[in-house]
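Here is a short, friendly briefing to read alongside the model on your screen. Have the viewer open and follow along topic by topic.

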Amino acid sequence: MTIALKERTGRMKAMLLTEYKNLEVTEVDDPTVGEKDLLIDVRACGICGSDIHGYDGSSGRRIPPLVMGHEAAGVVKAVGSEVQDFAVGDHVTFDSTVSCGDCFYCRKGDINLCDNRMVLGVSCGEYRRHGAFAELVSVPQHICYKLPEGMPFEHAALIEAVSIAVHAANRTPVTLGDTAVVVGSGMIGLLTIQAIRLAGCSKVIAVDLDQNRLETALSLGADHVLKADEVDVPAEVKKLTGGRGADVALEVVGATVTIETAIESVRKGGSITLVGNLAPRVEVPLQAIVTRELSVFGTCASKGEYPACIDLIASGAIKVEPLITATATLDEGPEWFSRLYAGEPGAMKVILQPQ
């Protein structure tokens, strides 16, 4: 049985960013549901690093008032009158990017470059799209995906993060047997380590400043780890690669020093994929890129890798359980934001359960 509707007129519990550094669990209007939308009972929603940067206003992409949250999964509660492939009761996840489906880039399949792109849980002045730190969220059917039977919602909430790593691996030109350096072993870095090995790299070197993260990197498939404040990373990479340097590097921080490390760690003719997006501007060693004929790739979100990511998690090829630090209720969300913002030691991914 499906329920066709255009709009609900009720109230729901949500975690609202009322002003920077202030989150309140309160009641807000239920989301509007269009003819091609799904209304979803949110069962799990992850706190993303971008949410933490938005929490204090530093990113400029979380202008209050706003319900944040874009890494989520849940159960279909109702469907719009023109929805065809989903029914009430389906377990689903959804892309964080709301693409239009009609622009030049969408028609090419580059949905992450959509001219009319919006992101769930983001308000940047151009638009405001409330997200999934709430009991309910409304999303268009074309960005939704059914989950396999038995997949925990907490794991499904990490599909969005996995898709970023898988897209980055797909953007990176890898030949079977290559060596990869992954600079940054946070949440996305640890997923990237797994994805780039699946892409064909036989040796993966993880770099970070945190020893605990490096130990996790080893447990998730890294062959070697380098603590960046204790060793000369490019020199150590050369030792591990016959003096040449790595074939590819993936930078998962987004700062001048880590980008320089990635560039200096690859061999002549190598490739660097930039995943991190921390700083809006960085300096790069131009002559090293030009004279060593390096290729530099940008990567933004994902573009249709969700089905592959669902399969990779379901099969265990990419492991997400070790990355979940805690699960918490929506009422506990503001406290967890404060703890993560303060730099909670050892914290990786916190999943909120609005229901």
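Which residues have the most contacts inside the largest nonpolar core? They are L147, I159, V162, L191, I193 and I196, in a core of 47 residues. Please keep in mind that this is a predicted model. The points below start with the cores, move on to the parallel strands, and end with the aromatic rings.

**Nonpolar cores**

- Helix 4 (residues 159-171) gives the most to the 47-residue core, with eight residues.
- I193, one of the residues with the most contacts inside that core, touches V182, S185, V204, A206, A217, L220, G221 and A222 once its neighbours within four places in sequence are left aside.
- Another core lies apart from this one; it has 46 residues, including I40, L66, V67 and W336.

**A look at T192**

- T192 belongs to helix 5, which spans residues 187-198.
- Is T192 buried or exposed? Its relative accessibility is 0%, so T192 counts as buried.
- With neighbours within four places in sequence set aside, the contacts of T192 are A165, V182, L250 and V252.
- V182 is also on the contact list of I193.

**Strand 14 and its partners**

- Strand 14 (residues 203-208) has five of its six residues buried, so the rest of the structure largely encloses it.
- Strand 13 (residues 179-183) pairs with strand 14 in the parallel sense, over five bridges. Here V182 stands opposite A206 of strand 14.
- To get from strand 13 to strand 14 the chain passes through helix 5, and this β-α-β crossover is right-handed.
- Strand 15 (residues 224-227) also runs parallel to strand 14, and four bridges join them. In strand 15, V225 is the bridge partner of A206.
- Helix 6 (residues 211-219) sits in a right-handed β-α-β unit together with strand 14 and strand 15.
- A206 therefore makes a handy landmark for your viewer: V182 stands opposite A206, V225 is its bridge partner in strand 15, and I193 is in contact with A206, within a stretch where strand 14 is largely enclosed because five of its six residues are buried.

**Aromatic pairs**

- How many aromatic pairs does a search of the whole structure find? The search finds five.
- One of them joins Y55 and Y341: the ring centres are 5.4 Å apart and the planes meet at 70°, so the pair is edge-to-face.
- Why does this pair tie together distant parts of the sequence? Y55 lies in helix 1 (residues 49-55) and Y341 in helix 11 (residues 333-341), so the parts it links are 286 residues apart in sequence.
- Y55 is buried, with a relative accessible area of 5%, whereas Y341 is partly exposed at 33% relative accessibility.
- F133 and F337 make an edge-to-face pair too, with 5.9 Å from centre to centre and 85° between the planes.
- F133 comes from the loop between strand 10 (128-129) and strand 11 (136-140), while F337 is in helix 11, so this pair ties together parts 204 residues apart in sequence.
- F133 counts as buried at 0% relative accessibility, and F337 counts as buried at 0% as well.
- Through ring pairs, Y55, F133, F337 and Y341 are linked into a cluster.

**Charges over rings**

- R339 places its charged end over the ring of W336, 3.9 Å from the ring centre. W336 is also among the residues of the 46-residue core.
- K146 lies over the face of F86, 5.7 Å from the centre of the ring.

Methods
Residues are numbered from 1 along each chain as its sequence is written. This is a predicted model: local features need pLDDT of at least 70, side-chain atom pairs count only at pLDDT 80 or more; totals for chains, interfaces and linings use all residues. Side-chain values use heavy atoms; hydrogens and water are left out. Rings of Phe, Tyr and Trp (its six-membered ring) pair if their centres lie within 6.5 Å; planes under 30 degrees apart count as stacked, over 60 as edge-to-face and the rest as tilted. Helices (H or I, at least four residues) and strands (E, at least two) are DSSP runs, numbered from the N terminus. Buried means under 20% relative accessible area, exposed over 50%, partly exposed in between (1.4 Å probe, protein chains only). A charge sits over a ring if NZ of Lys or CZ of Arg is within 6 Å of the ring centre and within 35 degrees of the ring normal. Two strands pair if DSSP finds at least two bridges between them. A crossover is right-handed if, with the strands pointing away from the viewer, the path from the first strand over the helix to the second runs clockwise. A nonpolar core is a set of buried Ala, Val, Leu, Ile, Met, Phe, Trp, Tyr and Cys residues joined through side-chain atoms within 4.5 Å. Contact means heavy atoms within 4.5 Å.
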